[in-house]
Amino acid sequence: MQSLLILISQIIEFYIWIVIASVIMSWLIGFNVVNIRNGFVYNLSHIINRLTEPVFMRVRQLIPPIGGLDLSPIVIIFALTFLRNLMWEMLG
């Protein structure tokens, strides 16, 4: 049981890092630091967006962007951290 908890916790941690990478990638593309026409950047951005956008869209339905500021990554990170801590508290 302990091994399963560790695996789930690591998957949650990995997804949190993917959310952070999505935010950083959107900033880099938005401020023209990286060029989306570059094949590697396009593929990386596409993979990250495919992993995060379904979750972002569900959160955006509940909390729309406020003044151009998208709060969905923050909400997702808080929710995943809460879920991981709750899992360790209840089952660990």
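This report describes the fold, core and surface of a predicted protein model.

## Overall fold

The protein contains three helices and zero strands. Along the sequence, the order of elements is α-α-α. Helix α1 covers residues 2-30, α2 covers 39-62 and α3 covers 72-91.

Along the principal axes, the C-alpha atoms occupy a box of roughly 45 × 30 × 20 Å. The radius of gyration is 15 Å, whereas a compact globule of 92 residues would have one near 12 Å. Of the contacts between residues at least 6 apart in sequence, 65% link residues at least 24 apart.

## Burial and exposed area

Of the 92 residues in the protein, 24% are buried. The exposed area of the protein is about 6,900 Å², and 70% of that area comes from carbon and sulfur atoms.

## The nonpolar core

In soluble globular proteins, nonpolar side chains tend to be buried together. Here the largest nonpolar core has eight residues: I12, Y15, I16, V19, F56, V59, I76 and L80. Each of the helices α1, α2 and α3 gives at least two residues to this core. Helix α1 provides the largest share, with four residues.

One core member, I12, can be followed further. Beyond the residues up to four places away in sequence, I12 touches L80, L83 and R84. Among these partners, L80 also belongs to the core.

## A buried serine in α1

S9 lies in helix α1. Is this residue buried or exposed? S9 counts as buried because its relative accessible area is 13%, under the cut-off of 20%. Apart from neighbours within four places in sequence, the contacts of S9 are R84, M87 and W88. R84 is thus a partner of S9 and is also touched by I12.

## The nonpolar surface patch

Nonpolar residues also appear on the surface, where M1, L4, L7, I8, I11, F82, L86, M90 and L91 form a patch. Together these residues have about 940 Å² of accessible area. Helices α1 and α3 are the elements that supply two or more residues to the patch.

I11, one of the patch residues, is located in helix α1. I11 is classed as exposed because its relative accessible area is 51%, over the cut-off of 50%. Helix α1 therefore holds both the exposed I11 and the buried S9.

## Summary

The predicted model has three helices. Its largest nonpolar core draws on α1, α2 and α3, while its nonpolar surface patch takes two or more residues from each of α1 and α3.

How values were computed. Residues numbered from 1 in each chain as written. Predicted model: local features only at pLDDT ≥ 70, side-chain atom pairs only at ≥ 80, totals over all residues. Heavy atoms only, no water. Core = buried A, V, L, I, M, F, W, Y, C linked by side-chain atoms within 4.5 Å. Buried < 20%, exposed > 50% of the residue type's maximum accessible area, 1.4 Å probe, protein only. Contact = heavy atoms within 4.5 Å. Patch = residues over 30% accessible without salt bridge, like charges linked within 9 Å, V, L, I, M, F, W, Y side chains within 5 Å. Areas by Shrake-Rupley, 256 points an atom, 1.4 Å probe, with all protein chains shown as cover. Salt bridge = Lys/Arg side-chain N within 4 Å of Asp/Glu carboxyl O. Rg over C-alpha atoms; globule rule 2.2 N^0.38 Å.
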